[in-house]
Amino acid sequence: MKLSCRQAMARALRLAARPQGATHPNPMVGAVVLSSHGELAGEAYHRRPGEPHAEVLALRAASGMARGGTLCVTLEPCNHHGRTPPCTEAILAAGVARVVVGMRDPNPAVAGGGTERLRRAGVEVEVGLLEEQCRQLNEDWIVRVTLGRPYVALKAAVTLDGWLATSRGDARWISGEQSRGQVMRLRSRADAVLVGTRTLLADDPRLTARLRGARQPWRVALDPQLRCPVGAAILQPGGGPTLLFAASGAAPERERALRQAGAEIVHLPCTARGRLDLPAALAELARREVVSLLVEGGGELHRELLELELVDRAYLFVAPRIFGGVDGVPLAGRQPGARRVAEGWVLSGVRWRCFGEDALVSGVPVRRGGGGEGGVPDPGRSPQEGKRVDSDGGQIGDPGVAAEQSPRSGQGGRYS
Ligand SMILES: NC(=O)c1ccc[n+]([C@@H]2O[C@H](COP(=O)([O-])OP(=O)(O)OC[C@H]3O[C@@H](n4cnc5c(N)ncnc54)[C@H](OP(=O)(O)O)[C@@H]3O)[C@@H](O)[C@H]2O)c1
């Protein structure tokens, strides 16, 4: 079968997406080898950490047909020893004449190393074919590699008038069964789920992915004063490890009791407004190989993350209910909101999907104008902190579809 390079790259992208979470903490990568006559000679994808990289497997499959041919690979081949030898060596040994790369390695420490090595050895190299799709495939991994924090997705169920909960804090259940099934899928694809203190205390959530065979995410809560009861649902067996972020002044006896109940406790610095330092929390999670984080409320936590421009995608399940009044729990904090329509946040690349009677609205929140009088971030912290910047200094584009698939992937100089 004859293929153009574009067709070969599209095929490599489809292959790359096959293992979904299994490559964690590595990125997903696919490769296709074309013979010197443009015939499909071999193809493969990276399956899991420690196993050979996609291009090595594809070259093996192509065997002698790779000589003088073209290798199309979704991510720049590595030029360093990790758990496996450098892919550039395998490519040179196979005698490939041309390498077409979807996207450069985003890690500034190694970016360009693989392509440079191949060019020096006389291989023709092109970079950037279907680049946007290649970026979307591993958008969470790119965020962690470039920004040292997880990819943050915010999920909430809201009424038509925008409430997260009633005036008494009752939120069970705003959305329908089908929406809640989709939430389980989102949880199963996340490495960790995070909630604020009041959500922890009001809802007593389990934060488990209740799907057969699902990998359980870390269960994480902000709990500055360690008010989490020792019998809380997030401490019960059947879920991922439990991590509580506490302030340094939290009572030692509470800490002992919660540790005994199975929680890991990490102390965080507080901001000038006495709140836990969220960028520090995210950095701590990234250090623990949390690549994708699902934030599940409440409104105060949403607001703080939005103000800090730390939300990469929002999933809002809008249920056909109206609570009315002015005293419910708002989606994005109780501080004053936007004064003009041109202010606040808009979702870019918005998508709508129905789950039973609910609509899921998802997109990338983008700040427009001022966010409201009360919404000024802590002094000393730039709202640009944590903004996503690609290796060329540009902002990473709208991730679109890939976020729905939210692959698990990991950090590292490319992958090991
Ligand atoms: N419909 C839904 O999808 C949904 C989802 C989740 C929750 N909810 C509902 O929302 C309500 C809770 O929301 P909420 O807005 O009141 O509270 P929240 O966001 O759950 O928790 C806010 C609290 O977290 C603590 N915190 C510490 N550092 C923080 C920081 N940097 N940023 C933000 N918070 C920080 C503070 O606790 P201290 O004040 O102790 O310092 C703060 O008051 C509940 O009624 C729950 O049922 C609904």
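**A guided reading of the predicted model**

In residues 371-416 the pLDDT (the predictor's confidence in each residue, from 0 to 100) stays under 50, and the model has 128 contacts beyond four places in sequence for this stretch; two residues are in contact if their C-beta atoms, placed from the backbone, lie within 7 Å. Where pLDDT is low, the predicted coordinates should not be read in detail. Over the protein, pLDDT averages 89, and 89% of the residues score at least 70.

The model is predicted, and local features therefore need pLDDT of at least 70, while side-chain atom pairs count only at pLDDT 80 or more and totals for chains, interfaces and linings use all residues. Residue numbers start from 1 along each chain as its sequence is written.

The secondary structure comprises twelve helices and 16 strands, taken as DSSP runs (helices H or I, at least four residues; strands E, at least two) and numbered from the N terminus. Of the 416 residues, 48% are buried; a residue is buried if 20 or more other C-beta atoms lie within 10 Å of its own, exposed if 12 or fewer, and partly exposed in between, with C-beta atoms placed from the backbone. Among contacts with a separation of 6 or more, 74% link residues 24 or more positions apart.

One open sheet has five strands in the order β2-β1-β3-β4-β5, with mixed pairing; two strands pair if DSSP finds at least two bridges between them. Its edges are β2 (40-45) and β5 (124-127), each with a single partner strand, so one side of each is left without a neighbour in the sheet. On average, neighbouring strands of this sheet are turned by 15° against each other, direction ignored. Here and below, axes are lines fitted to C-alpha atoms, for helices over the stretch in contact, and angles run from 0 to 180 degrees between N-to-C directions. Within the sheet, β1 (residues 30-34) and β3 (residues 70-75) pair in the antiparallel sense over four bridges, and Leu 34 has Thr 70 in β3 as its bridge partner. Helix α2 (residues 54-62) lies across β1, β2 and β3, running at about 150° to β2.

A second open sheet is formed by nine strands in the order β11-β10-β9-β8-β12-β6-β13-β16-β15, again with mixed pairing. Its edge strands, β11 (263-268) and β15 (344-355), each pair on one side only, and the twist from one strand to the next averages 25°. At one edge, β10 (residues 242-247) and β11 pair in the parallel sense over six bridges, with Ala 247 opposite Leu 268 in β11. Helix α9 (residues 252-260) packs on the sheet and touches β10 and β11; its direction makes about 140° with that of β11. At the other edge, β15 and β16 (residues 358-368) pair in the antiparallel sense over ten bridges, and Trp 345 stands opposite Arg 367 in β16. The hairpin of these two strands has two residues between them, and Gly 356 takes a positive phi near 60° there.

Helix α6 (residues 139-147) has eight of its nine residues buried, so it is largely enclosed by the rest of the structure. Among the buried residues are Trp 141 and Val 143. Val 143 lies 8.1 Å from Val 291, C-alpha to C-alpha, although the two are 148 residues apart in sequence. Val 291 belongs to the loop between α10 (278-287) and β12 (292-295) and counts as buried, with 30 C-beta neighbours inside 10 Å. Just after α6, Gly 148 takes a positive phi of about 65°.

The ligand is surrounded by 27 residues, of which the closest are Gly 169, Gly 196, Arg 198, Gly 297 and Gly 298; a residue is near a molecule if its C-beta atom, placed from the backbone, lies within 6 Å of it. Two or more residues of this shell come from each of β6 (151-158), β7 (163-165), α8 (197-203) and α11 (299-307), and α8 gives the largest share, five residues. The peptide bond from Gly 297 to Gly 298 is cis, with omega near 0°, and Gly 298 lies in the loop between β12 and α11.

Two residues that are not glycines call for attention in the backbone. Asp 204 has a positive phi of about 45° and lies in the loop between α8 and β9 (218-222); with 13 C-beta neighbours inside 10 Å, Asp 204 counts as partly exposed. Leu 226 has a positive phi of about 55° in the loop between β9 and β10, and counts as buried with 22 such neighbours inside 10 Å.
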